[in-house]
Every structure is written in structure tokens, then in C-alpha cells.
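The following paragraphs lead the reader through one protein structure, element by element. The sequence and the structure are shown first.

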Amino acid sequence: MRSQFNYFRPQSLVEALEFLSEQGSRASVLAGGTDLTIGIRKGELKSAYVMDVSRLDELRTISCIEESLVVGAALTYTEIVNDPLIRENVPVLSLAARQVGSLQIRNMGTLGGNVANASPAADSVPAMLVHNAWVKIQSVYEDRIEPLENVIVGPNTSNLKPGELITGFILESLPDSRYEFQRIAR
């Protein structure tokens, strides 16, 4: 049996955070949906609402700040692979993004979803750790920035609280470094 839920697409980040504040754990966030749709199809989704943040401009930005790159949480893996700023400044992430799933998954999947779901098979997490990633998390009440290794606390478990949303990542550039990324899978 498929899950029953109400769909909501906010028009701004402020509206999304207000909705999450009101609904708390009654809302699931949809950015790419590669993990969420599996739960929906299996009837495992317990949320009353699915909030779609995939088109929020505030979550789809890329900018340089000193020796770091700030990457929006709703960028798809295909966008990460194709972006010259990412290839130049955080190349290990670009290499990892090339190897995520199939083309269809790369076209939909997002960094924010990968981290929020804390899947042990999250291809982007090791690459982000190489770049000393920090996670930007927002709610109506506070903004916080935490090291990625503190956000993922176990298999399929993050430290996100109800009402919080991953909005982006701060990734350290690796000038004058050598690097390679290989995905080992069945």
C-alpha cells in the first residue's frame, strides 16, 4: 500500500522554515526524492506532509568565500558534476558525484538529501569529508553550522531536529593537492 500524504511546495526558504516549524516531525522534506520515493512506494512514509524544496533558489546556489566553496543543499549531482567552480575548488566532490548511481539518480539526487538521510551508502559523504565539510542547518529559531561528521551520528541517523532544514555546505578547497575518488560497489 502506498503512503498517503499532503504535498506542499513553498515559494521561499522563509515559507519552508515556517512550515517545518508548524509541522515538525509531521513533515518530510523532498529535494531530489531518490530515497523518499522508495519509502512512499513501500508505504513506509509516516509523515502527513511532504514539502518539496527542490525549486527553492536559496538552496541551489554556489559561491566562493575565501578558501571555501558554499554549495546549496538542493543542487543535483548532475549540476555538481557540470559546475566549473565545483570542479576547480572541490574536485573530489565532483569526482564522487560522477559515480553516484545512474544518470536518473544523478539528475534527481541532492547533497542535502544524502546527508539528511545519513545512508551508509551515501557516495557524496566521504568526498565531502575530504573537503572538511560543514553543514549549514536552519530553522525558524536558529541557524547553525556543524562539521559533517557531527551531523551524521549513525547509519540512517542524523542529528537534525524536527523543524530543521539543511540549506547548504561549506567545503574547503584543496590547493596543490593530488586526489582520486573510486567507488567500490557490488
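The model shown here is predicted. A useful place to begin is strand E10, where Gly168 is the bridge partner of Lys136. Lys136 belongs to strand E6, which covers residues 134–138 and is joined to E10 by five bridges, the two strands running antiparallel. Gly168 of E10 is also the bridge partner of Gly72. That second pairing belongs to strand E5, residues 68–72, which pairs with E10 in the antiparallel sense over five bridges. As a general matter, the strands of a sheet pair through backbone hydrogen bonds, in either a parallel or an antiparallel manner. Of the eight residues of E10, six are buried, so this strand is largely enclosed by the rest of the structure.

A further sheet can be followed from the start of the chain. This sheet is open, consists of three strands in the order E1-E3-E2, and has parallel pairing. Strand E1 (6–8) and strand E2 stand at its edges; each has a single partner strand, so one side of each is left without a neighbour in the sheet. Direction ignored, neighbouring strands of this sheet are turned by 25° against each other on average. Helix H1, residues 13–23, packs on the sheet and touches E1, E2 and E3. The direction of H1 makes about 165° with that of E3.

The individual pairings in this sheet can also be traced. E1 and strand E3 (residues 49–52) run parallel and are joined by three bridges. On this side, Asn6 has Tyr49 of E3 as its bridge partner, while Phe8 has Met51 of E3. E2 and E3 likewise run parallel, and four bridges join them. Here the bridge partner of Ser28 is Val50 in E3.

Which elements give two or more residues to the lining of the largest pocket? The pocket itself holds about 1,100 Å³ of space. It is lined by 45 residues, and those closest to its centre are Val29, Asp35, Gly113, Ala116 and Asn117. The elements that contribute two or more residues to this lining are strand E2 (27–30), helix H2 (36–42), helix H7 (111–117) and strand E10 (165–172). Two strands already described, E2 and E10, thus return in the lining of the pocket. H7 gives the most, with five residues. By class, the lining comprises 21 nonpolar, 17 polar and seven charged residues.

Attention now turns to helix H5. Six of its eight residues are buried, so H5 is largely enclosed by the rest of the structure. The buried residues are Pro91, Val92, Leu93, Ser94, Ala96 and Ala97. What covers them includes helix H3 (77–82), helix H4 (84–89) and helix H8 (124–130), together with H6, H7 and E10. H7 and E10, which contribute to the lining of the largest pocket, are therefore also among the elements that cover the buried residues of H5.

Between helix H5 (91–98) and helix H6 (103–108) lies a loop that contains Gln99. With a relative accessible area of 26%, Gln99 is partly exposed. Leaving aside residues up to four places away in sequence, Gln99 touches Asp123, Phe181, Gln182 and Arg183. Gln138, by contrast, is 39 residues from Gln99 in sequence, and the two lie 29 Å apart in space, C-alpha to C-alpha.

Two loop residues remain to be considered for their backbone angles. Most residues other than glycine have a negative phi. Glu66 has a positive phi of about 55° although it is not a glycine, and Ala118, also not a glycine, has a positive phi of about 50°. Are these two residues buried or exposed? Glu66 is found in the loop between strand E4 (62–65) and E5. Its relative accessibility is 78%, so Glu66 counts as exposed. Ala118 is located in the loop between H7 and H8. With a relative accessible area of 3%, Ala118 is buried.

Key
Residues are numbered from 1 along each chain as its sequence is written. This is a predicted model: local features need pLDDT of at least 70, side-chain atom pairs count only at pLDDT 80 or more; totals for chains, interfaces and linings use all residues. Side-chain values use heavy atoms; hydrogens and water are left out. On a 1 Å grid over the protein atoms alone, a cavity is a set of points where a 1.4 Å probe fits but cannot get out, and a pocket is an open set with protein on both sides within 12 Å along at least five of seven lines; lining residues have an atom within 4 Å of a point. Grid points are joined across faces, edges and corners, and a volume is the space filled by probe spheres set on the points. Ala, Val, Leu, Ile, Met, Phe, Trp, Tyr, Cys and Pro count as nonpolar, Asp, Glu, Lys and Arg as charged, and the others, Gly among them, as polar. Two strands pair if DSSP finds at least two bridges between them. Axes are lines fitted to C-alpha atoms, for helices over the stretch in contact, and angles run from 0 to 180 degrees between N-to-C directions. Contact means heavy atoms within 4.5 Å. Buried means under 20% relative accessible area, exposed over 50%, partly exposed in between (1.4 Å probe, protein chains only).
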